[in-house]
Amino acid sequence: MAEVRLTGITKTFGATVALDDVTMTVPDGSFVVLLGPTGAGKTTLLRMVSGLDTPDRGGVQIDGRDMAGLTPAQRNVAMVFQQYSLYPHLTVRQNLEFPLKSPILKTPQPEIDRKVGQIAEVLQISHKLDNKATALSGGEMQRVSIGRALVRNPAVFLMDEPLSSLDAKLRADLRIELKSIQAERGATLLYVTHDQIEAMTMATHVGVLDRGKLVQFGSPREIYENPVSIYAASRLGQPRINVLPADVFGGAPARAVSIGLRPEMIVQGEGEESFVQRVEHLGDQTRLHLRFRSHDIVTVTDAHTELKSGDILRIRPHNPFYFDASGARLA
Amino acid sequence: MSYSVTEPSKPQKWIAGLLVAAYGIITILPLLWIISTSFKSQNDAIAYPPEVFSEFTLGGYVNLFTTQTRQSAEALEANPPETWYDEIVHERGMAIVGPSRFGERFMNSVIIGFGSTFLSVFLGTLAAYAFSRFRIPLKDDLLFFILSTRMMPPIAVAIPIFLMFRGLGLSDTHAGMILLYTAVNLSLSVWLLKGFIDEIPREYEEAALIDGYTRFQAFYKVVLPQAATGIASTAIFCLIFAWNEYAFAVLLTSGNAQTAPPFIPTIIGVTGQDWPAVAAGATIFLVPVMVFTILLRKHLLRGITFGAVRK
């Protein structure tokens with residue numbers, strides 16, 4: 001396992017800037033999640049580390065070694081693709097053996113058998129080992145795909161939305177599985193997703209990407225509690241942070257243009273009147289859709305609330321975030 | 001426009017079936033006629049009105065593979081026939097003096113046809129892979145240029161090629177014919193295979209690169225098996241062209257490297273054109289292409305929708 005260090009990585013495809021001067025250190029043994037919407041450069045960043053693409057400027061170091069000019073095979077990285085790209089002409093077992101049989105590893109057969117058996121056990125695909133890869137369900141294919149990375153012992157695991165195609169139950173199971181495998185092995189993992197639950201539950205560090213720029217890097221908690229901008233604040237939190245003009249409540253600092261309110265920053269039952277538009281009972285919590293001076297606010301309330309649509313609810317901000325005209329956070 | 005997805009009705013199925021059957025009969029009839037002619041005697045073959053069912057004989061095949069001379073009655077008496085083919089010849093007052101040239105010509109066809117097919121597909125696959133996967137300067141122009149070699153009938157450049165072959169000492173050589181047919185087939189092969197390789201998602205190779213393989217190993221272990229369908233169909237097209245090619249073969253070969261197509265029409269018996277022997281030559285000539293196509297049919301029909309990448 002190893003530390004991954006990115007320095008000033010820039011990559012353009014024609015006129016679009018995919019990555020813009022990204023500098024980041026993935027500490028040894030950490031689980032780093034890259035967050036951002038489609039097109040933010042998350043996948044491109046993984047490809048830079050893997051060696052499938054090379055940066056226009058900047059460099060990648062893995063375990064202190066400069067990776068410039070090295071092929072993916074020489075970098076000793078394992079990658080799980082977003083589209084489960086199993087080799088369709090091979091069986092599940094052959095797919096899992098493929099990296100172990102590479103000219104670089106040349107693993108002896110007894111060890112291959114042991115490792116494949118072990119991983120198949122963990123991913124619950126032992127009974128499918130001799131099936132053709134194409135004869136699997138989507139969830140099974142993706143588990144094999146993850147298994148193909150896990151049979152190895154690479155310097156770093158790269159995963160590109162590996163769980164996005166799975167159903168909710170399997171996703172929850174594999175989340176726990178991945179996290180425990182990573183913790184057990186002390187593996188370094190660079191993981192791309194736009195699912196914030198995956199980010200919050202698995203990450204030791206989160207990197208927030210915005211149109212090719214790394215705007216914030218820190219622990220999930222740090223980013224949740226101390227975001228640098230509206231953009232970073234919007235990445236984490238369910239329901240999303242409410243962003244309103246700063247002057248709808250009094251007491252905003254001088255340069256503030258927007259106020260950001262997470263549900264826990266809205267005190268209910270005191271302050272100014274808002275109108276309850278809709279009440280959504282989700283079981284463990286209840287969401288309130290409020291109308292406040294022609295602005296919409298979504299917040300959370302007690303699961304067994306008596307409130308119903310049409311009611312009036314008093315609200316007051318408590319330690320909110322303030323942002324300036326560019327969307328940057330005001331300290 | 002709208003498409004119906006309902007099952008066709010019974011009369012519709014009957015009409016479709018009859019049309020297909022009629023088309024099938026029209027295309028296969030000349031073939032059946034050639035095959036039946038190959039089993040007729042020389043007189044029956046040119047009888048008018050034509051005889052559909054006539055006496056069965058292997059005389060045409062024996063004539064195709066042997067050379068014969070007329071014998072005096074005493075000589076025939078002195079040498080009774082020893083085998084069934086001796087007997088057929090004997091009855092006509094002839095004796096076999098040796099094999100004909102057909103065997104050699106047929107082998108020339110096999111060497112040149114399969115040799116050029118192998119080269120066309122081999123070079124075509126490498127070129128198509130490069131065009132499909134790498135950023136090549138002037139790629140579109142190059143592809144158009146490759147295709148443009150097909151924009152006139154190949155025979156239009158017969159004279160320059162004839163002179164070139166003479167200058168290079170390639171006339172009437174196997175290597176020359178293999179080279180020529182490969183050159184003609186290569187554009188088809190590159191274009192067909194590029195289409196097939198474009199369909200194979202890059203993720204497979206990228207996964208292999210990361211799994212510790214080199215670019216060439218990834219090509220060999222991951223791309224090739226999946227391009228099998230395309231390679232098989234391309235090989236069939238290339239073989240059919242090289243196998244049936246007549247004009248260049250007439251022009252550029254005369255003895256050593258002559259293929260079967262220019263040879264078969266020249267089969268002349270003692271009493272003029274020997275039609276059963278010509279028909280027998282054509283029938284035997286059909287067999288390799290048919291066997292090759294049937295062997296590769298499995299790959300042709302396997303379909304292209306078997307990938308495991310979610311699109």
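Here's a quick briefing on confidence, domains, packing and one bent helix in this complex. Keep in mind that this is a predicted model. The predictor scores the complex with an ipTM of 0.84 and a pTM of 0.80.

**Confidence in chain B**
- The mean pLDDT of chain B comes to 88, and 94% of the residues reach at least 70.
- Broken down by element, helix H6 (residues 102-133) of chain B has the highest mean pLDDT, at 95, while strand S3 (residues 268-269) of chain B has the lowest, at 72.
- Watch residues 303-311 of chain B: the pLDDT there is below 50, though the stretch has 20 contacts in the model beyond near neighbours in sequence.
- Where pLDDT is low, don't read the predicted coordinates in detail.

**Domains of chain A**
- Chain A is assigned domain 1 (4-229) and domain 2 (242-330).
- Going by C-alpha atoms, the centres of domain 1 of chain A and domain 2 of chain A are 38 Å apart.

**Nonpolar cores**
- The largest nonpolar core holds 127 residues, and Val32(A), Val33(A), Val49(A), Val156(A), Leu158(A) and Leu190(A) have the most contacts inside it.
- H9(B) supplies the largest share of this core, with ten residues.
- Domain 1 (4-229) and domain 2 (242-330) of chain A each put in at least three residues.
- Another core, of 18 residues, lies apart from that one and includes Tyr61(B), Ala260(B), Ala280(B) and Phe285(B).
- Leaving out residues up to four places away in sequence, Val33(A) touches Tyr191(A), Thr193(A), Glu198(A), Ala199(A), Met202(A), Ala203(A) and Val206(A).

**Helix H9 of chain B**
- At 1.5 Å a residue, the 26 residues of helix H9 (residues 174-199) of chain B should span 38 Å, so the 36 Å between its end C-alpha atoms agrees.
- H9(B) has a bend of about 40 degrees at Asn185(B).

How values were computed:
Residues numbered from 1 in each chain as written. Chains lettered and ligands numbered in written order. Predicted model: local features only at pLDDT ≥ 70, side-chain atom pairs only at ≥ 80, totals over all residues. Helix = DSSP H or I, 4+ residues; strand = E, 2+ residues; numbered from the N terminus. Expected span 1.5 Å × (residues − 1). Bend = angle between axes of the 7 residues up to and from the residue. Domains from an automatic or database assignment. Core = buried A, V, L, I, M, F, W, Y, C linked by C-beta atoms within 7 Å. Buried ≥ 20, exposed ≤ 12 C-beta atoms within 10 Å, placed from the backbone. Contact = placed C-beta atoms within 7 Å. pLDDT = per-residue confidence, 0-100.
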